[in-house]
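I opened my notebook to write down what I looked up in one protein model. The entries are short and go topic by topic.

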Amino acid sequence: MTMWKAKRFWKEATVAEVEGGWTVQLDGRPVKTPAKTLLVVPTRALAEAIAVEWDAQEGEIDPNQMPYTRAANSALDKVTVQFDEVADMLAAYGGSDLLCYRADSPEGLCARQASGWDPILDWLHSTHGVRLNKIAGVMPVAQDEAGQVTLRQRVGKLSAFEMAGFHDLVTISGSFALALAVIENRLQPEEAWELSRIDENWQIEQWGADEEATELAEYKKAAFLLAADLYAKAYVA
């Protein structure tokens, strides 16, 4: 059976200010999420990015080409209704942060990890009072419980839309610390991405690039940078 796919039925996508924020309208009719929730986002910038995606659709609607729309749907239909669970999951990354697990050799990789990652861990300590412990190898390292509570409290201050962006920054990089450094303007997104790739880039330098791995890395990088932009567009000062 051929699956029915929605096709473009509108002439123009516009943004409109409504109670609680901004929405996108298709020929005056408001967009709704898959759960039939009115799509209301916190900023005009995010609404405009979503409207651009709808205006770019031709023929059949392709959700894969609408990342801001999908992120807004996720924020409203998923994050909002299970906010605490998502916050707990993200805070847990602080207990097994990428930046905590170091190589014990070769010396060059160890030095590169230290020069790239230690300043971020020091920043986390000086800014939030959380000192994450490091270990050489992959065995679990115990973290201070009070520090983990602090990280959870920080996540809890995010809005559902901010958390949607922060979620991808954390899960794609494997690092709560790098994601937090991005949203608090300690790092530019490109810098954070490169820091998350120290191990992989070292291996490429030693053994050369793999075409499939390179393609996957580019896909992840694009998603990471999009998540940073989503957070920036959703942020309300």
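The entries below cover cores, ring pairs, helix packing and one loop residue.

**Entry 1: the model**

I noted at the start that this is a predicted model.

**Entry 2: the nonpolar cores**

I looked up the largest nonpolar core and found that it has 42 residues. I listed the residues with the most contacts inside it: Ile120, Leu124, Val155, Met163, Phe166 and Leu169. I then checked which helices supply at least two residues each, and wrote down α3 (83–92), α4 (107–128), α5 (145–156), α6 (160–173), α7 (176–183), α8 (189–196), α9 (198–207) and α10 (211–234). Which helix gives the most to this core? I found that α7 does, with eight residues.

I added a general remark from my course: in soluble globular proteins, nonpolar side chains tend to be buried together.

I picked Leu124 for a closer look. Leaving aside neighbours within four places in sequence, I found Leu124 in contact with Gly129, Val130, Leu132, Leu151, Ala177 and Leu180.

I also recorded a second, separate core of 25 residues. Trp22, Leu46, Ala49 and Ile61 are among its members.

**Entry 3: the aromatic pairs**

How many aromatic pairs does the structure hold? I wrote down five.

I looked up Phe9 and Trp10, which form an edge-to-face pair. Their ring centres are 5.0 Å apart, and the planes are at 80° to each other. Trp10 has 4% relative accessibility, so I entered Trp10 as buried. I also saw that ring pairs link Phe9, Trp10 and Trp54 into a cluster.

Next I looked up Trp193 and Phe224, whose pair is tilted, at 5.7 Å centre to centre and 45° between the planes. This pair links distant parts of the chain: Trp193 is in helix α8 and Phe224 is in helix α10, 31 residues apart. Are these two rings on buried or exposed residues? Trp193 counts as buried because its relative accessibility is 5%. Phe224 is buried too, with a relative accessible area of 0%.

**Entry 4: α3 against α6**

I found α3 and α6 packed at an angle of about 30°, with axes 11 Å apart. Angles under 35 degrees count as roughly parallel, so I entered α3 as roughly parallel to α6. The crossing of these two helices is left-handed. On the α3 side, I listed Phe83, Val86, Ala87, Met89 and Leu90 as making the contact. On the α6 side, I listed Ala160, Met163, Phe166, His167, Val170 and Thr171.

**Entry 5: α3 against α5**

I then turned to α3 and α5, which pack at about 135° with their axes 9 Å apart. I therefore entered α3 and α5 as oblique to each other. α3 passes α5 in a right-handed crossing. For α3, the residues in this contact are Phe83, Asp84, Ala87, Asp88, Leu90 and Ala91. For α5, they are Gln148, Leu151, Arg152, Val155 and Gly156.

**Entry 6: a loop residue**

Where does Leu98 lie? I found Leu98 in the loop between α3 and β5 (101–102). I compared its position with that of Ser175: the two are 77 residues apart in sequence and 5.1 Å apart in space, C-alpha to C-alpha. Not counting residues up to four places away in sequence, Leu98 touches Trp117, Ser173, Gly174, Ser175 and Ser196.

How values were computed: Residues are numbered from 1 along each chain as its sequence is written. This is a predicted model: local features need pLDDT of at least 70, side-chain atom pairs count only at pLDDT 80 or more; totals for chains, interfaces and linings use all residues. Side-chain values use heavy atoms; hydrogens and water are left out. A nonpolar core is a set of buried Ala, Val, Leu, Ile, Met, Phe, Trp, Tyr and Cys residues joined through side-chain atoms within 4.5 Å. Buried means under 20% relative accessible area, exposed over 50%, partly exposed in between (1.4 Å probe, protein chains only). Helices (H or I, at least four residues) and strands (E, at least two) are DSSP runs, numbered from the N terminus. Contact means heavy atoms within 4.5 Å. Rings of Phe, Tyr and Trp (its six-membered ring) pair if their centres lie within 6.5 Å; planes under 30 degrees apart count as stacked, over 60 as edge-to-face and the rest as tilted. Axes are lines fitted to C-alpha atoms, for helices over the stretch in contact, and angles run from 0 to 180 degrees between N-to-C directions. Angles under 35 degrees count as roughly parallel, over 145 as roughly antiparallel, 65 to 115 as roughly perpendicular and the rest as oblique. A crossing is left-handed if the near helix is turned anticlockwise from the far one by less than a right angle, and right-handed if clockwise.
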